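Q: Could you take a close look at one part of this protein for me, the place where its helices pack together? I'd love a walk through it, with a little of the surroundings for context.

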Amino acid sequence: MTNGETKSNAANSMALDDMKQGVLGAPVPRIDGLAKVTGTAAYAAEYQIDDCAEAVFVTATITCGKVVKIDTSSVMDMPGVIAVIDDKRLTTRAAQGTANEAPVQDPKTVCYWGQPIALVVAETFEQARDAAKNLVVEYETFDTPSLDPATAKTEEQDEDTVSQGDLDKAMSDAAHTVDVTITTKGHASAAMEPHASIAQWDGEQLTVYASLQMLNYNIAELADALAMKEDKIRLISRYVGGGFGSKLGVSQDVVAASLAAMELGRPVRVVMSRQQVFQTVMRRSETTQRLRLAADAAGKLTGFGHEALVSNLPAEEFAEPVLQSSHFMYAGENRKLLLNLARIHRMTAGSVRAPGEAVGMPALEQAMDMLAEKADVDPVALRIRNIPEKDPESGAPFSSHSLAHCLEEGAKAFGWDAGTRRPRQKREGEWWIGTGVASAARIHNVQESRAKVTLSSDGTVRVETDMTDIGTGTYTILAQIAAQMLGVDTKHVLVDLGDTRHPRGPGSGGSWGAASIGSAVYLACQSIRKDLASRLGVAENALQIVDGKTADGQTLSDILDGSDIAHEGHYKPDEGQDDHTAAGFGAFFAEVRVNHYTGETRVDRMLGAFGFGRVLNERTARSQCLGGITWSIGTALTEALEFDPRDGHLINCDLAEYHVPVHRDVPKLDVVLLEERDPIASLIEAKGIGELGMCGGAAAIANAIYNACGARVNDYPMTPDRVLAAMPGK
Ligand code: MOS
């Protein structure tokens with residue numbers, strides 16, 4: 001086996017599109033689907049481990065202060081109790097950002113209500129839960145917690161600050177202006193599978209079954225938290241029931257289960273309750289965003305301002321990157337962008353489902369709708385008019401740019417009625433009916449990735465990497481890439497993921513997974529193709545294999561003659577990408593009905609048209625888009641974390657009180673996939689798709705609410721009370 005670190009050399013390699021297996025892009029059903037629907041796919045908490053003890057967290061019931069005493073004697077005599085773990089490393093929270101670091105806080109210091117402070121281990125889950133509820137903890141409270149982002153200390157995030165030209169002057173000179181402040185509430189990732197870990201320690205080696213998105217990064221975090229070497233740790237996350245950002249970093253259960261297993265010399269399982277997932281893992285920051293748009297008489301932007309306030313705990317690095325797409329989305333030579341981070345004592349803010357754009361784009365796209373009305377320009381036309389030719393701040397070219405195409409094709413497919421638009425034109429009984437549009441954008445990035453591919457002499461293929469599949473379809477698209485490259489049926493490809501014994505993948509996050517790990521698999525397969533070609537004495541770009549046979553009828557088994565070929569693909573993001581701005585684009589269209597008397601909004605139908613490079617699997621790509629649009633409905637209408645203003649604790653910490661859209665909320669959804677090839681974005685010419693479907697979609701609903709009933713609501717989510725209050729004549 002060699003380490004193939006070569007970059008793709010297009011001139012000497014057959015293009016993916018020319019390979020006749022023809023499986024890449026096809027709507028192949030998930031190869032892990034059968035295991036999932038038959039219950040044989042094991043999730044973290046489901047591994048059957050002999051003699052496994054059960055553990056439950058005790059969490060802080062103060063907001064700011066010190067744990068003075070944990071009285072273990074209060075529970076040690078309770079039935080089945082084995083231990084109370086209050087190791088000082090226990091407070092490791094879901095790490096965010098780039099540093100592979102252990103906790104940033106003094107371990108016995110409580111910074112937010114709900115912070116884990118101890119772990120009770122018992123023979124059964126019920127015994128552990130009972131003891132956890134009875135554990136006596138003494139606190140000393142200090143400091144008045146800072147709980148309101150509006151009055152808290154703030155820190156400007158320099159890397160986001162842009163001041164170009166003179167926005168104030170552009171605003172005063174403009175024919176049309178919009179100056180609006182839009183707020184969004186905090187969001188929960190709300191993955192179906194709660195955070196859970198089983199740790200096993202054999203005195204030498206720590207094995208942890210956990211529910212994680214980025215094993216390559218998580219192993220470093222855990223090693224750091226435990227002050228251990230990475231090679232003593234094995235993480236396994238073969239199946240993950242959704243992450244949505246909350247499993248990017250190790251959550252508290254991973255560290256706590258490990259500490260307990262090492263201390264007790266016995267396997268320990270920690271499964272967070274739904275309430276604990278809500279209250280301790282992480283939140284998306286609430287945002288307050290001021291949008292200023294200045295435009296000439298035709299609606300062409302001359303000035304663009306986007307200033308946002310977000311929050312996090314003291315000392316945490318992450319700041320919801322609200323402005324991420326605003327930097328390149330629309331033209332406007334006079335620009336002011338600013339991101340402020342308020343320090344407050346609510347639980348850690350981190351990445352939740354399309355961090356940044358998921359809330360930044362809905363605010364921007366609502367402001368654009370307001371501008372369209374003022375300039376009396378069709379909202380689709382207004383957006384197309386303001387698409388910049390190059391990145392308006394860096395001057396970089398775009399790797400590919402499908403926004404205009406998405407808006408046009410989406411409008412056609414949706415039946416958008418172009419032209420002058422006025423609210424309150426259509427009513428059926430109590431219901432006002434209207435439509436709205438919004439653009440979608442999500443930055444594209446790729447990460448260093450490694451994958452090993454083995455072509456066996458029996459003609460089967462094995463793909464191995466510690467990459468995860470968090471429900472997105474990674475297993476399937478990697479099988480398709482390998483199948484396309486090596487000319488076999490996908491059913492002959494075994495994909496083995498989610499184990500740190502394998503080469504390091506990029507993890508699943510930021511929509512970089514498919515393009516990054518797909519490129520590593522591509523490189524590994526390319527090395528195998530080169531080997532095969534040289535055995536056959538042909539050039540690689542002439543090697544055509546279909547269903548395991550070459551054009552002249554030789555089978556892979558014939559060529560391999562009893563020996564396997566294995567290569568590791570090592571994908572290093574091309575420096576060339578730094579010269580380009582790369583993003584996925586799209587357009588959302590929504591038709592809603594708003595009840596005149598109650599302010600209730602129902603989405604009747606929604607359509608998204610998206611361009612994100614090569615479509616690797618039409619079915620799983622479409623599913624990602626459907627999921628994104630569904631989250632857009634949640635952002636627009638229902639999802640909001642509510643914190644008690646007295647102590648900052650999260651009030652609505654379950655799926656009844658924190659409402660994510662369910663079937664009854666999700667109407668007819670249509671997805672239009674606009675195929676592109678973006679060779680700058682990745683070796684497989686694909687960009688990210690996971691998050692694009694919720695980057696702006698909420699504004700299509702907000703704008704449709706306005707078009708329907710004339711209520712311009714500037715606060716998400718647009719609950720009936722808010723819509724009713726903004727209804728004209730109320
Ligand atoms: Mo994502 S919110 O970067 O998993």
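A: Happy to, and one definition will help before we start: a crossing of two helices is called right-handed if the near helix is turned clockwise from the far one by less than a right angle, and left-handed if it is turned anticlockwise. Please keep in mind that this is a predicted model.

Let's begin with the whole chain. The secondary structure comes to 15 helices and 28 strands. Along the principal axes, the C-alpha atoms fill a box of roughly 80 × 75 × 50 Å. The radius of gyration is 26 Å, which agrees with the value near 27 Å for a compact globule of 730 residues.

Now to the part you asked about, with helix 14 as our guide. Two packed helices are described by the angle between their axes and the distance between the axes. Helix 13 (residues 618-638) and helix 14 (residues 697-709) have axes that come within 7 Å and cross at roughly 45 degrees. Helix 13 is therefore oblique to helix 14. Their crossing is right-handed, in the sense given above. On the helix 13 side, the contact involves Ser632, Ile633, Thr635, Ala636 and Leu637; these meet Gly697, Ala698, Ile701 and Ile705 of helix 14. By character, the residues of this contact divide into 6 nonpolar, 3 polar and no charged.

Helix 14 also packs with helix 7 (residues 357-375), at an angle of about 35 degrees and with the axes 8 Å apart. Here too the crossing is right-handed. Helix 7 contributes Pro362, Glu365, Gln366, Asp369 and Glu373, while helix 14 offers Ala698, Ala699, Ala702, Asn703 and Tyr706. This contact divides into 5 nonpolar, 2 polar and 3 charged residues. If you follow Ala698 in the viewer, you will find it listed in the contact with helix 13 and in the contact with helix 7.

For some context away from the helices, have a look at a small sheet. Strands of a sheet pair through backbone hydrogen bonds, either parallel or antiparallel. In this open sheet, 3 strands lie in the order 5-3-7 with antiparallel pairing. Strand 5 (109-110) and strand 7 (136-141) are the edge strands, each pairing on one side only. Strand 3 (residues 65-71) pairs with strand 7 over 6 bridges, and one handy spot to find there is Ile70, whose bridge partner in strand 7 is Val137.

How values were computed: Residues numbered from 1 in each chain as written. Predicted model: local features only at pLDDT ≥ 70, side-chain atom pairs only at ≥ 80, totals over all residues. Heavy atoms only, no water. Pairing = 2+ DSSP bridges. Helix = DSSP H or I, 4+ residues; strand = E, 2+ residues; numbered from the N terminus. Axes fitted to C-alpha atoms, helices over the stretch in contact; angles between N-to-C directions. Parallel < 35°, antiparallel > 145°, perpendicular 65-115°, else oblique. Contact = heavy atoms within 4.5 Å. Nonpolar A, V, L, I, M, F, W, Y, C, P; charged D, E, K, R; others polar. Rg over C-alpha atoms; globule rule 2.2 N^0.38 Å.
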